[in-house]
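Colleague: Could you take a close look at one part of this model for me, the open sheet and whatever packs on it? Informal is fine.

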Amino acid sequence: MSLPRLTACVLILFLIATIGTGMSILAANRVTVARLVDQRIEAIGDLVLEREAGQAMVPTAELLARITRLSQQRDTGDVGLALLDSAGQPLGGNITLRRRLPLGGSDLREGDGIVGLSHGRALVREAGAGRRLAVIAETEPFDSYRTTRTHIYLIGFGSIILIVLGGLIAFSMLVSRRIGDQRRTVEAIVAGHIRHRVPVTGSGDEFDRQAAAFNQMLDRIAGLMEGLRSVSNDIAHDLRTPLARLRGQLARIVEEAADPVQAGRATAALAQCDTLLAMFAALLRIAEIEAGHRQAGFAPVDLAELVEDTATMMIPVAEDAGQRLSVSVMPGPATFVGDRQLLIQALVNLIGNAIKYGAPRGAIRVALEPLEGMWELRVTDDGPGIRPADRAHALRRFGRLDQARGKSGHGLGLPLVDAIARLHRGRLILGDAGPGLCASLRFPAP
């Protein structure tokens, strides 16, 4: 679950819990007040209807006298009392009822027309001879109490919600910022900035400790990569010097050889030296690119112009090999920031591979098109292609396939193109042209 979605879920659950708690407290308060008021008016009704020993029924005059006395007492002065006849007409009391109340307990509202009462409870009981005694009391200590109480709940719980909401937003922003720092660091390292690290604020919190651990891991990886790169570079440099000397000696042997057989063997050995020197040069080139040193020379490049000029330059090479090369470039400029020479080298390598492994008298197609916010540079041929299971191997250094064993090369052409693509935050994709190979370079468009 994403962080924004998790934050939204927590906020929704908190709102539900807070609103539910507020409504439960409000309902419990109303029920408790109503129960206490019912107990009180029931006790007052018992006082009014209390019969003396041997008395069959309390006379009406006595009931009215008791009502008058209770109305004058301080602790019952706020209680409404009404004695009604069998037809519902008032016989006396300190209140006037607008409607006939049912027997038992019931709720009263401001619309019932009792002066000074907005919400209350009523208890109607039989008083004998068809008479009824209605006892009422307010459930609110003052007018508009429920509205005021609702406002209090809204302000109180609303403040809690705002505080928690602000805390969640601040926490989400903090987590998003710190995670964003790690994501940007990873993206920078993938782009070749191996020395980029996650910022540490110095607070010593969990995020800082996580950043420090992450940076230590990156330092360790960078050290291992640098050691491996140094070993590879040292080997390439150390071997290139004696190979260059050996090549010079073989060249002199070729020039001075009087025996044609000896000259032919020396020429073959000289060609092998040239192959080894080219291989070491390619290894050093890949190491230089993967180290990200060439990013300092990045500048705006028109990919459309670069592709058209480079492909046009390779047309005579394809024609000499008996193949046809066509180029299709989108109209208008394709602005990109990168190393022009490396991009040209990548395209030349792809076209060279298509010429070498394409079908005899086949067609090679070069195209540049926009694709979902990216520039896609495709080079396709109609040769045997590369099986899906072998494509990852073809991108490895010295990863030569069976069909390439009989041709010249050292298996570093596609790895070099892949390194150039990754240096430019792009990627090399090998696909099926049906028949043939489709090699696609995809770069992020600005």
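**A close look at the open sheet**

Modeller: Sure. Let's start at one side of the sheet, with β11 and β12: the two strands run antiparallel, and 6 bridges join them, with β12 covering residues 437–444. If you want one pair to click on, take Ile429, whose bridge partner in β12 is Ser440. Bear in mind that this is a predicted model.

Now zoom out to the whole sheet. It is an open one, built from 5 strands in the order β7-β9-β10-β12-β11, and the pairing is mixed. The edges are β7 (324–329) and β11 (427–432), each of which pairs on one side only. Ignoring direction, neighbouring strands are turned against each other by 15 degrees on average.

Next, the helices. Helix α6, residues 303–320, packs on the sheet and touches β7, β9 (363–371), β10 (374–380) and β12. The direction of α6 makes about 170 degrees with that of β7. Then there's helix α7 (residues 340–357), which lies across β7, β9, β10, β11 and β12. Relative to β10, helix α7 runs at about 30 degrees.

Two loops here deserve a look at their backbone angles. As background, most residues other than glycine have a negative phi. Glu372, in the loop between β9 and β10, has a positive phi, near 50 degrees. Is Glu372 buried or exposed? Glu372 is exposed, because its relative accessible area is 78% and the cut-off for exposed is over 50%.

The other case is Arg425, which sits in the loop between α9 (413–423) and β11, so you can find it by walking back from that edge strand. Its phi is positive as well, near 60 degrees. Arg425 has a relative accessibility of 55%, and therefore counts as exposed too.

To put this part in context, the protein has 9 helices and 12 strands in its secondary structure. Of its 446 residues, 37% are buried. Looking at contacts between residues at least 6 apart in sequence, 58% join residues at least 24 apart. As for the surface, the accessible area of the protein is about 25,200 Å², and carbon and sulfur atoms account for 59% of that.

Note on methods. Residues are numbered from 1 along each chain as its sequence is written. This is a predicted model: local features need pLDDT of at least 70, side-chain atom pairs count only at pLDDT 80 or more; totals for chains, interfaces and linings use all residues. Side-chain values use heavy atoms; hydrogens and water are left out. Two strands pair if DSSP finds at least two bridges between them. Helices (H or I, at least four residues) and strands (E, at least two) are DSSP runs, numbered from the N terminus. Axes are lines fitted to C-alpha atoms, for helices over the stretch in contact, and angles run from 0 to 180 degrees between N-to-C directions. Contact means heavy atoms within 4.5 Å. Buried means under 20% relative accessible area, exposed over 50%, partly exposed in between (1.4 Å probe, protein chains only). Accessible areas come from the Shrake-Rupley method with a 1.4 Å probe; for residues, only the protein chains shown count as cover.
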